Amino acid sequence: MADSTEVRELVYLVTGGCGFLGEHVVRMLLQREPRLLELRVFDLHLGAWLEELKTGPVQVTAIQGDVTQAHEVAAAVAGAHVVIHTAGLVDVFGRASPETIYEVNVQGTKNVIEACVQTGTRFLVYTSSMEVVGPNIKGHHFYRGNEDTPYEAVHRHPYPCSKAQAERLVLEANGRKATWPGCTCWWLESCSSELP
């Protein structure tokens, strides 16, 4: 639990915060981030369970919005120290159109990156998918790798293609300068990095 002497000063935003992964991230942050002042939960469909979180010491702000709408993303990101981008359209059974998958997973990620750059948010944590890393062109699966391990994955379906494209966008954005006055840099960091 949080030390009572810790100063609550950080604002986190979780996109897709009501999804399977997002909800777990939200609950984990509330339990394990002692400096959390505000936790913004951004999702297209807000869950009723958010109401129970509004009675604690952390301000939980539910924001109904769509990652495909740049202005909605920018408004949610403004003032956040950390963005955890879990929003995405998971479609391994081919039920969604390729256009919709691209719009959510690739354009949505572009919107998050641009909002971070424009507002000076220095930390972005992107959640990709295991679909991005395998199997390779020989049909071999990906074992014991990390983000620096090279792989030759073959993406034949819209979902893994979109997640691979979005992942590349995030990696390419690593180190981009932010335009917000007073902020000199913006970069992708892992969850274990030191925050301001």
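Here is a quick briefing on the cores, the strand pairing, the cysteines and the salt bridges of this structure. The model is predicted. Its largest nonpolar core holds 21 residues, and a second, separate core has 19. On the polar side, the salt bridges come to 6, while disulfides come to 0.

**The cores**

- Within the largest nonpolar core, the residues with the most contacts are L13, V73, V77, V83 and L124.
- Five elements each put at least two residues into this core: β1 (10-15), α3 (70-77), α4 (98-119), β5 (123-126) and α5 (158-173).
- Helix α4 gives the largest share of this core, with 6 residues.
- The second core is separate from that one, and among its 19 residues are L10, L29, L39 and V41.
- V83 is a handy place to start looking around: leaving out neighbours within four places in sequence, V83 touches L13, T15, V77, V112, C116, T121, F123, L124 and V125.
- So three of the names on that contact list, L13, V77 and L124, turn up again with V83 among the residues with the most contacts inside the largest core.

**Strands β4 and β5**

- β4 (residues 82-85) runs parallel to β5, and the two pair over 4 bridges.
- V83 has L124 as its bridge partner in β5, and L124 is also one of its side-by-side contacts in the list above.
- Getting from β4 to β5, the chain passes through α4, and this β-α-β crossover is right-handed.
- In a regular strand, side chains alternate between the two faces of the sheet.
- In β5, F123 and V125 sit on one side and L124 and Y126 on the other; these four are all buried, so both faces of the strand are covered.

**Cysteines**

- A disulfide is a covalent bond between the sulfur atoms of two cysteines. This structure has 0 of them.
- C116 has a relative accessible area of 0%, so it is buried.
- C18 comes out at 17% relative accessibility, and because the cut-off for buried is under 20%, C18 counts as buried too.

**Q107 on helix α4**

- Q107 lies in α4, the helix that also supplies 6 residues to the largest core.
- With a relative accessible area of 24%, Q107 is partly exposed, because buried would need a value under 20%.
- A70 is 37 residues from Q107 along the chain, yet their C-alpha atoms are separated by 9.0 Å.

**Salt bridges**

- Side chains of opposite charge can pair when their charged atoms come close. The count here is 6 salt bridges.
- R27 and E52 form one of them, with 3.2 Å from N to O.
- That pair links distant parts of the chain: R27 sits in α1 (residues 20-32) and E52 in α2 (residues 50-53), 25 residues apart.
- R27 itself is partly exposed, at a relative accessible area of 28%.
- K54 and E51 meet in another salt bridge, at 3.3 Å from N to O.
- K54 is partly exposed at 38%, while E51, at 52% relative accessibility, counts as exposed because the cut-off is over 50%.
- Shared partners join E9, E33 and R35 into one salt-bridge network.
- Inside that network, the closest N and O atoms of R35 and E33 are 3.8 Å apart, and both of these residues are buried.

Note on methods. Residues are numbered from 1 along each chain as its sequence is written. This is a predicted model: local features need pLDDT of at least 70, side-chain atom pairs count only at pLDDT 80 or more; totals for chains, interfaces and linings use all residues. Side-chain values use heavy atoms; hydrogens and water are left out. A nonpolar core is a set of buried Ala, Val, Leu, Ile, Met, Phe, Trp, Tyr and Cys residues joined through side-chain atoms within 4.5 Å. Buried means under 20% relative accessible area, exposed over 50%, partly exposed in between (1.4 Å probe, protein chains only). Contact means heavy atoms within 4.5 Å. Two strands pair if DSSP finds at least two bridges between them. A crossover is right-handed if, with the strands pointing away from the viewer, the path from the first strand over the helix to the second runs clockwise. A disulfide is a pair of cysteine sulfur atoms within 2.5 Å. A salt bridge is a side-chain nitrogen of Lys or Arg within 4 Å of a carboxyl oxygen of Asp or Glu.
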